[in-house]
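Consider the structure below, first through its backbone and then through its nonpolar cores.

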Amino acid sequence: MPLTADQFHLGACYYPEHWDPSLWEDDLRRMKELHFSVIRIAEFAWSIFEPEEGVFSFELFDRFLDEAVKQDVKVILGTPTATPPAWLTQKYPEVLNVSFEGVTLQHGLRRHYNYSSPKYRELSARITLEMAKHYCDHPAVVGWQLDNEFNCEIGVYYADADHLAFREWLKAKYGTLEKLNAAWGAVFWNQTYSDWEQVFLPRPTPGGYQPNPHQALDEKRFISDNTISYAKLQADILRKHAPNQWVTTNGLFGHLDNHRMTDELLDFFSYDSYPQFSSISSDPNESNPLADRGWSLSLSTVRSISPNFCIMEQQSGPGGWVGKMDMPSPKPGQMRLWTYQSIAHGADMVLFFRWRTATFGNEIYWHGINDYHNRPNRRVREAGRIGAELSAAGNAIIGSRYQAEVAIVRDYDNEWDGEYDVWHGPGGWKSGREWFKALQRRHIPSDVCYMQRDTTVADLQRYSTLIYPHPAILRDETAALLEQYVQGGGTVIFGCRTGYKDENGHCYMRPFPGAAAQLCGITVEEFTKIKGNRKPTLMKWNDGVAELTSAEDFNDILAIESESVEIVAEYATDYYSGKPAVTRNRFGKGSAWYFGAVFTEAAAARIIGMLGLESPVAAWAELPPSVELAIREGEAGKLAFLLNYSEEPASIHLKQDKTDLLSGEKLSGVTELEPFGVVVLQVEPLS
Ligand code: GAL
């Protein structure tokens, strides 16, 4: 079932079990006043549904759902498996997760379970089945959220059952120990296995966390498959017993191929959007960070999974956990800005986290729209403004798609291999961020595109330009696909460390960039990490601009192998000064760029200039750098979202008259966007 519903649904996460039932009716009534039409409930309430093993009770939630029906509020039900009850973990301690060091992770927070335990799978299936049977025809229930945030809190699993499941997964993948030994290069340091019982997930070694790198890569692939198979257990039950309600899950965490999970199991993907994390946790060494606007890169990743998605949790107040986290309060207008940030990137349904701040538990500082005192406040008023706007304008937005002609390419193998392999992993994230900043500040919308086994050239041809920063693992098949894309007229841009590993993570015995060497028309003569007492190096560009840019973190020193290659920049320092640093190879109708370092925003900007990439609104608008542009296009027309992330007003210059969908106002000439302000301009008249 697609997400596109009859209307734009706005709402909140609600916890009936946290409040006196005398509050329910008033809460739901006030939600309606704010134009909320949907809530999510129950995702942590297993002990309420099954207070004792095999004894089920729906009384509390039935009573609450009766109220929801009365007030005509739709409900998303969470399966409650993220928090198994105490009776369960006491009786079946084997369901608990175990840390890498071998410490059992006890009951007391959440996600205290592993996906492999047969007992946990059995009990998870049973609670899902009981809930599905009970609520499949409930008039308030529209859909289900599986569990809550797979792989949040912890994304590794070392219970006995996990070691056994990993072994079975390896048997299915490799068939024989001979093949496993070859894939893991087990002859190195005498790791050769002669019996399957000797094979485990990574375990502590004399070096601490120093697993065999090929084993570490397979571990992540196993965790992803294992998570998906656990999610499938629940999804299959819901499909069978509640066929008229949709199925989704929320969150974007590591060690999980969310694309495959969504394609195979879900109607659409949901995300939990907390932009304040981008502001409080940016790398202190990062230059010119985007702060909360940087969250748009995560939203772009979500869009690569589901072009139209649900925000199951939208930050609506200051965040904080007792003993773990503290965040500033969003300023006036900022919560509205963040809501439209989600919508600009493809959200067609948004639920605020949460209706009211909890008065007990670990999240007493994770604020909802309502404060503990439950009296009207600034955040409630802001939510009401959003509600009124979307109840009028939301239907013109839903179903439309974000438009981009540039994509930042990623793949799971490199993300997972790069977690452990510091020679390429950190560069991937940094380069993606730097490119995103350069594109954002020039108002060039971009997508994230995941390279998957089933990616086709047609998928890639949606973009004029692909930035694939550091695909260290590059299969010949993927390189061939990229060759086809470039042949046909596309531009691909690689960074250092491209193409030197096969899918097991072994280095090719070929000149770098291995599988991409022909496409790029260069080889890497030598390379070095820029670190410690190695002075930062610089590049000099042949684009007529004198300014040098830095060649950060890693330098590949390039050798030209084909006459079709042009040197775009050369190193300007160190013993390889004058050697090629950036090249462009004409290949068929397109071109392949090789950039010898980790990208910086300045370098990305130079390439954007040389490619002549422009903002799609350049003909009719001039926007300051603090404003994000996003365009959504659908049957009804094209909408340009302008989002001001600054607490100062932003001046925009419109060369054509446009109407703001949210206020209905006509805008022309120089217009001020209020601090944290948003307008949604109708680019083409809506029908
Ligand atoms: C999410 C989670 C919620 C709540 C929220 C704020 O990750 O799904 O249950 O914990 O964060 O911390």
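Helices and strands here are DSSP runs, helices of at least four residues and strands of at least two, numbered from the N terminus. The model is a predicted one. With those elements in place, His 35 can be located in the loop between helix H1 (24-33) and strand E2 (38-41). Its phi is positive, about 70 degrees, although His 35 is not a glycine. Most residues other than glycine have a negative phi, and most peptide bonds are trans. His 35 is partly exposed, with a relative accessible area of 37%.

A positive phi, about 60 degrees, is also found at His 255, again not a glycine. This residue sits in the loop between strand E5 (246-248) and helix H9 (258-265). His 255 is buried, at a relative accessible area of 9%.

Two cis peptide bonds can be added to this list. One runs from Phe 353 to Arg 354, with omega near -10 degrees; Arg 354 belongs to the loop between strand E10 (347-353) and helix H13 (378-393). Another joins Phe 512 to Pro 513, with omega about 5 degrees, and Pro 513 is in the loop between strand E15 (491-494) and helix H18 (517-520).

Turning to the interior, the largest nonpolar core contains 120 residues, and Phe 36 and Ile 41 have the most contacts inside it. Helix H8 (residues 213-241) contributes the most to this core, with 8 residues. Because domain 1 (76-257) and domain 3 (621-682) both give residues to the core, it lies between them. Beyond its neighbours within four places in sequence, Ile 41 is in contact with residues including Tyr 14, Phe 61, Leu 65 and Ile 76. A second, separate core has 37 residues, among them Ile 444, Ile 530, Trp 541 and Ile 557.

Key: Residues are numbered from 1 along each chain as its sequence is written. This is a predicted model: local features need pLDDT of at least 70, side-chain atom pairs count only at pLDDT 80 or more; totals for chains, interfaces and linings use all residues. Side-chain values use heavy atoms; hydrogens and water are left out. A nonpolar core is a set of buried Ala, Val, Leu, Ile, Met, Phe, Trp, Tyr and Cys residues joined through side-chain atoms within 4.5 Å. Buried means under 20% relative accessible area, exposed over 50%, partly exposed in between (1.4 Å probe, protein chains only). Domain bounds come from an automatic or database domain assignment. Contact means heavy atoms within 4.5 Å.
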